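I opened this entry to look up how the two chains meet and what lies inside and on the surface. My notes follow the structure.

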Amino acid sequence: MLGRTLLLRNPYFAKPSLILRNLTVSSPTYDIIKIQSTDDFKAKVINSKTPVVVDFFATWCNPCKLLTPRLESIISESKGKVILAKVDIDEQTDLALDYEVSSVPVLVAIKNGKVQQRLVGLQDTDKLRKWITQFTSDDSEVNVHN
Amino acid sequence: MTLFNNFRKLSNFVKPLKRTECLIVLSRRTFASGWMCCGRKAKLVDPLTESVCDEDGTYDYDLAVLGGGSGGLACAKEAINQGAKVAVLDFVTPSPQGTKWGLGGTCVNVGCIPKKLMHQAALLGEAIHEAVAYGWQVPSVDQVKINWSSLTEAVQNHIKSVNWVTRVDLREKKIEYINGLGSFKDPHTIIATLKNGSQKELTAKNIVIAVGGRPHYPDIPGAKEYCISSDDIFSLSNPPGKTLVVGAGYIGLECAGFLNSLGYSSTVLVRSVPLRGFDQQMAGMITSEMEEKGVKFHHRCIPVSVEKLETGQLRARWLNTETKEQGEDIFDTVLLATGRYALTEQLNLKAAGVNVLSENGKVVAETEQTNVPHIYAVGDVLEGRPELTPVAIHAGRLLARRMFGGASQLMDYDNVATTVFTPLEYGCVGLSEEQATQRYGADNLEVYHAFYKPTEFFIPQRNIRNCYLKAVALREAPQKILGLHFVGPVAGEVIQGFAAAVKCGITMEQLVNTVGIHPTVAEEFTRLNITKRSGKDPNPASCCS
């Protein structure tokens, strides 16, 4: 009973995504970033050598809140093969409008500065994992170049 | 001919200014093109740098709209549909308590939308108690209470999502949005002061003033320091607690109504009469319903002072203007709802040559056009027009069609329906009994009325004393209807359809020949048969209660 209480109160246990990140990823601070400006976006997303999933979200959007932990845990599983860049559409309005974010959440997969895919709305974990795996594999890039 | 002369005079006056403007724009453009070399998309180019300002008088925009509220946005969107190039300026000066908000104007941010949501929260709270009478087993129903911060968060989240949709809409329609406070430099030039204090200039062929209004603060000690207004209540960080509402217009009554139903004790100071301008018999129904629900009213009272106590609470003092007696009490919140003023002062209208302001600073413009032919106004800023979102939208849209679509249809401000969203709602369309009497004389009117019992009210034994409706009609057959008034649940939904009928000129003969939908509250209109003149009892027959 005591152990259970401790488990519940420990914030690391309440947020499984954090545990995963801490245990499985060598550099946890680099695979999930928050975009601070258009220049920041350019540097960390457009010029990134690693594929990036851009999460356009809003603080007032409930589906966004549900999506975040699912997304973070999957990104952490990928062990640095893909970066998650979070963009608050109210803070980075121009960026969101440029990427035609009319409703949130929107996920935009970017590889070598090019938009590969978009996923609109709340997704379940399985679909998210499949989508991210597919886009980080080499095939998707070939498809786009064709 | 006069119009044409005005145009000529104006263009002569404007020309030298425009030449100077060309120089500024050109130099800015050179600077901007250097800055834009790293730009990505043409559509991101600062529109002001695209300015073309030829000698023959081309402007940056066909239309500049000052104010991104209901009226301004509707006008801008319709202008775009008509092929015009449009810019919208919108800027919210924080309230004295520091509340600010996003794009979309009063209705979306601090008016109709949050008000309706809080009204709904209040109705749901009442419904929880009624549910017990219908057999729902609600655990500890006496302890049911509102979580104020959950409510405000939900309301604010909805508002922010609407702000975003509005923003996206402007972008998709290619309306230039400038988050700056607009003022006139000359009849065709607007200066936009941005948040960081920097200024932008733009020129427009036509300009629409749609700046709306903000709450008025009475000149008493403590008003701006300690009191809130409707600008603040919907995002208030702490539960309002025991609240004094100063003012008994529809905003004051709606706020007092939902606060009381949410469990916050509410007191209303009424200066003259409640709901001035509305049918006073119906206004009386609304206030008696509120009193029966626990709202306290102090009639003929004006506020004197508000001071802050060491406890953080507020001591409010007021004066009864008839008895000269003073009253006071201690509140957690004092909400001022003593009217709204138009935001025309900051526009520097003199520079534009607009000189049609009324005493209270509103724009007098019969057909939305000011004395300067290319400067118009829509929405709450207009003198003598109903301050209602759909009115502003309709007027703005028609105006855009006249400006750019060759249309001639004018806004018809008569027979506009509205609803006061007090816990028991009051919906009306057309004339009040007082207005009708004044216009046609009591002898020429027939007033049909009835109390009624909504079916749903029987089981929870809800108060039916104030469920009342009336139709004010001409006495002469076929008795054209001048006004319809309804106090009861969902009054807004009830009156909307009848408003269309009134617009079509419905008569009492036609109304009573309409077959009702049973059981609804709206059908009561089709059952009206007792006239006030007959002196018969307007109360419904009943088996019990």
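I looked first at the salt bridge between the side chains of D94(A) and R167(B), at 3.9 Å from N to O; the rule asks for a side-chain nitrogen of Lys or Arg within 4 Å of a carboxyl oxygen of Asp or Glu. Three salt bridges are found across the interface of chain A and chain B.

The model is predicted, so local features need pLDDT of at least 70 and side-chain atom pairs pLDDT 80 or more, while totals for chains, interfaces and linings use all residues. Residues are numbered from 1 along each chain as its sequence is written, chains are lettered from A and ligands numbered from 1 in the order written, and side-chain values use heavy atoms, without hydrogens and water.

Next I took the interface area. Chain A and chain B bury about 1200 Å² between them, 56% of it on carbon and sulfur atoms (accessible area lost on being put together, 1.4 Å probe, summed over both). W60(A), L97(A) and D98(A) supply 54% of the area that chain A buries against chain B. The contact (heavy atoms within 4.5 Å) takes 12 residues from chain A and 13 residues from chain B.

I then checked the interior. The largest nonpolar core (buried Ala, Val, Leu, Ile, Met, Phe, Trp, Tyr and Cys joined through side-chain atoms within 4.5 Å; buried is under 20% relative accessible area, 1.4 Å probe, protein chains only) has 66 residues, and I233(B), L484(B) and F525(B) have the most contacts inside it. Helix α14 (residues 491-503) of chain B gives the most to this core, seven residues.

Conventions:
Buried means under 20% relative accessible area, exposed over 50%, partly exposed in between (1.4 Å probe, protein chains only). Helices (H or I, at least four residues) and strands (E, at least two) are DSSP runs, numbered from the N terminus. Buried area is the accessible area (1.4 Å probe) that two parts lose on being put together, summed over both.
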